[in-house]
Amino acid sequence: MKLYHGSNIAVEMPKVLSTDRRLDFGTGFYLTSSYDQAKRWAYLTQKRRGEGKQIVTSYEFNESVLSSLNVKRFDGASAEWLRFVSNNRNVKDFIDDSDIVIGPVANDRTMPVIKLYFAGIYDEAETIKRLLPQKLKDQYAFKSPRALEALVLSEVIEL
């Protein structure tokens, strides 16, 4: 399976880096199966950092290793996914021992709804109801060195 990473630099040797940013699935190396989503991430990263170029790095992912890894998969916006994203974004010391987390992206279009959930204005059911009509792209968070070993660099694309 082909996966893509968008950034302001080419990432030929992916690593799990600690960050102060609170992301949907916590600390990890993030990829997507959507080339368009990766292009968007490259644009946003280059704009946020104000340096580098918009670059999409593609990898081949050996899915046969999934059975040997601790994988958390969310097939869509669900209450479990919402709680997991909420914990990663809002609980400072939230711990998850997954090697890979796969699921929808809480992106620019979804964040207004999710922020209303964080503020207690929407409950889980209302939040999910409002998210379901949106076509959420996927994301893969590779959270361990063992998981990263299943990625093989395919191509670096400068946009």
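# Close-up views of a predicted model

**View A. The largest pocket holds about 1,100 Å³ of space.** Welcome to the roomiest pocket of this predicted model. Its lining is made up of 38 residues, and those closest to the pocket centre are Arg 21, Leu 23, Tyr 30, Thr 45 and Arg 48. Which elements give two or more residues to this lining? They are strand 1 (2-7), strand 2 (29-31) and helix 1 (35-49). Helix 1 supplies the largest share, with eight residues. If you are thinking about the chemistry of the wall, the lining splits by class into 14 nonpolar, eleven polar and 13 charged residues.

**View B. The second largest pocket has a volume of about 230 Å³.** Here 13 residues form the lining. Look for Gly 26, Thr 27, Asn 88, Lys 92 and Phe 94, which lie nearest the centre of this pocket. How many of its lining residues are nonpolar, polar and charged? The lining has four nonpolar, four polar and five charged residues.

**View C. Ser 34 sits in the loop between strand 2 and helix 1.** Is Ser 34 buried or exposed? Its relative accessibility is 13%, and because buried means under 20%, Ser 34 counts as buried. Setting aside neighbours within four places in sequence, the contacts of Ser 34 are Tyr 4, Lys 137 and Asp 138.

**View D. Three strands make an open sheet in the order 1-3-7.** The pairing in this sheet is antiparallel. Strand 1 and strand 7 (151-158) are at the edges, and each has a single partner strand, so one side of each has no neighbour in the sheet. On average, neighbouring strands here are turned by 25 degrees against each other, with direction ignored.

**View E. Strand 1 pairs with strand 3 (residues 55-61).** Six bridges join strand 1 and strand 3, and the two strands pair in the antiparallel sense. For a handy landmark, find Leu 3, which stands opposite Tyr 59 in strand 3.

**View F. Helix 1 lies across strand 1, strand 3 and strand 7.** What angle does helix 1 make with strand 1? Helix 1 runs at about 20 degrees to strand 1. You have met both elements before: strand 1 and helix 1 each give two or more residues to the lining of the largest pocket.

How values were computed
Residues are numbered from 1 along each chain as its sequence is written. This is a predicted model: local features need pLDDT of at least 70, side-chain atom pairs count only at pLDDT 80 or more; totals for chains, interfaces and linings use all residues. Side-chain values use heavy atoms; hydrogens and water are left out. On a 1 Å grid over the protein atoms alone, a cavity is a set of points where a 1.4 Å probe fits but cannot get out, and a pocket is an open set with protein on both sides within 12 Å along at least five of seven lines; lining residues have an atom within 4 Å of a point. Grid points are joined across faces, edges and corners, and a volume is the space filled by probe spheres set on the points. Helices (H or I, at least four residues) and strands (E, at least two) are DSSP runs, numbered from the N terminus. Ala, Val, Leu, Ile, Met, Phe, Trp, Tyr, Cys and Pro count as nonpolar, Asp, Glu, Lys and Arg as charged, and the others, Gly among them, as polar. Buried means under 20% relative accessible area, exposed over 50%, partly exposed in between (1.4 Å probe, protein chains only). Contact means heavy atoms within 4.5 Å. Two strands pair if DSSP finds at least two bridges between them. Axes are lines fitted to C-alpha atoms, for helices over the stretch in contact, and angles run from 0 to 180 degrees between N-to-C directions.
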